[in-house]
Amino acid sequence: MITVSVLSPEYRSAGVKNMIKILIADDQELIRQSLQIVLNTKEDMEVIDTASNGQEVIQSIRKETPDVILMDIRMPKMDGVQCTKIIKENYPEIKIIILTTFDDDEFVYNALKFGASGYLLKGVSMEELAEAIRTVHSGRAMINPDIATKVVKLFSQMAKADYTIQVEEQNEKELTKTEWKIIEQVEFGASNKEVAGNLNLSEGTVRNYLSAILNKLGLRDRTQLAIWAVQTGVSKRKPDDV
């Protein structure tokens, strides 16, 4: 028999600074309970509440604001897309990870448009999920590498739709050649590790470059950067331009 040891919230909060407060939103009770049990075993995480639909999520965050929400895309009463929109309009500091399947393209497209930090397949491992939570909590975007090609298609859809990312021309001129190369990699859905390998840089250097790029362009996160890159057509520019 496998025993899972769960530290009490009081003990963990006392022992670890900057605990990541998590809200789990899913209409299936078994999934909510399973995720809560596993994530509460992580020393730097605490599940502060669970919800079965978007309305319950809104009610919950009015009581105690979570750092990260794991949001099921399909829920009754209010789905994950509409809930994401409301939350990001009123609580922009809350990070949202969409939990999805391969068949939810349109839902994911809208959730990213409204400000979700990324999305993961529901079959992801618990370690990958925990790492994703840490990633978005630190301010970076998280996209499951198994669906990177789909991300590019979603970004392309966004670029062709009425959702436009505006960047001042003067801000573009501040970008260095290396930063343009990194943006081109992001356009194709490359992870930090892949960008580092392709450009012979360390992952830490890539992260620093991305932070500088976002700051220069006045963009919120990696998702907006990727959408803007598609709209701008970075990959189609002549080499001399970058």
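In which strand does Ala51 lie? I looked this up before anything else and found Ala51 in strand 2. I note at the outset that the model is predicted.

**Entry: Ala51**

I recorded a relative accessibility of 1% for Ala51, which therefore counts as buried, the limit being under 20%. I then listed its contacts, leaving aside neighbours within four places in sequence: Leu23, Ile24, Ala25, Asp26, Arg32, Glu56 and Val57. I also took the C-alpha separation between Ala51 and Asp72, which is 10.0 Å for two residues 21 positions apart along the chain.

**Entry: the chain as a whole**

I counted elements next and noted 12 helices and 6 strands in the protein chain. The chain has 242 residues, and 45% of them count as buried. I put its accessible surface at about 12600 Å², with 47% belonging to carbon and sulfur atoms. For contacts with a separation of 6 or more, I found that 69% come from residues 24 or more positions apart.

**Entry: Asn53 and Lys77**

I moved on to the loop between strand 2 (45-51) and helix 3 (54-63), where Asn53 lies. Is Asn53 buried or exposed? I found 3% relative accessibility, so Asn53 counts as buried. A polar atom of the Asn53 side chain lies 3.0 Å from the backbone nitrogen of Gln55. Setting aside neighbours within four places in sequence, I noted that Asn53 is in contact with Met75, Pro76, Lys77 and Met78.

I followed one of these partners, Lys77, to the loop between strand 3 and helix 4 (80-90). Lys77 has a relative accessible area of 68% and is therefore exposed, the cut-off being over 50%. I also noted its backbone: phi is positive, about 70°, although Lys77 is not a glycine.

**Entry: Asn200**

I checked a further residue with positive phi. Asn200 is not a glycine either, and its phi is near 55°. I located Asn200 in the loop between helix 10 (192-199) and helix 11 (203-217). With a relative accessible area of 70%, Asn200 is exposed.

**Entry: Ser60 and Pro66**

I returned to helix 3, which holds Ser60. I recorded a relative accessible area of 6% for Ser60, which is therefore buried. Apart from neighbours within four places in sequence, Ser60 is in contact with Leu23 and Asp49.

I then examined the loop between helix 3 and strand 3 (68-72), where I found Pro66. Its relative accessible area is 3%, so Pro66 is buried. Which residues are in contact with Pro66, leaving aside its neighbours within four places in sequence? I listed Lys21, Ile22, Leu23, Ile48, Ile61 and Ile94. For Pro66 and Ile94 I took the C-alpha to C-alpha distance as well: 6.7 Å, across 28 residues in sequence. I marked Leu23 in my notes, as it appears among the contacts of Ala51, of Ser60 and of Pro66.

**Entry: helix 2 with helix 6**

I turned to helix packing. The axes of helix 2 (residues 29-39) and helix 6 (residues 126-137) come within 11 Å, and I noted a crossing of roughly 75°. The two helices are therefore roughly perpendicular to each other, a term that covers 65 to 115 degrees. Helix 2 brings Leu35, Val38 and Leu39 to the contact, and helix 6 brings Met126, Leu129 and Ile133. I classed the residues of this contact as 6 nonpolar, with no polar and no charged residues.

**Entry: helix 9 with helix 12**

How are helix 9 and helix 12 set to each other, and at roughly what angle do their axes cross? I found that the axes of helix 9 (residues 177-187) and helix 12 (residues 222-232) cross at roughly 95° and come within 8 Å. This pair is therefore also roughly perpendicular. From helix 9 I listed Trp180, Ile183, Val186 and Glu187 at the contact, and from helix 12 Arg222, Leu225, Ala226, Trp228, Ala229 and Val230. I classed these residues as 8 nonpolar and 2 charged, with no polar ones.

Notes
Residues numbered from 1 in each chain as written. Predicted model: local features only at pLDDT ≥ 70, side-chain atom pairs only at ≥ 80, totals over all residues. Heavy atoms only, no water. Axes fitted to C-alpha atoms, helices over the stretch in contact; angles between N-to-C directions. Helix = DSSP H or I, 4+ residues; strand = E, 2+ residues; numbered from the N terminus. Parallel < 35°, antiparallel > 145°, perpendicular 65-115°, else oblique. Contact = heavy atoms within 4.5 Å. Nonpolar A, V, L, I, M, F, W, Y, C, P; charged D, E, K, R; others polar. Buried < 20%, exposed > 50% of the residue type's maximum accessible area, 1.4 Å probe, protein only. Areas by Shrake-Rupley, 256 points an atom, 1.4 Å probe, with all protein chains shown as cover. Polar contact = N/O pair within 3.5 Å; in protein donor to acceptor, adjacent residues only side chain to side chain.
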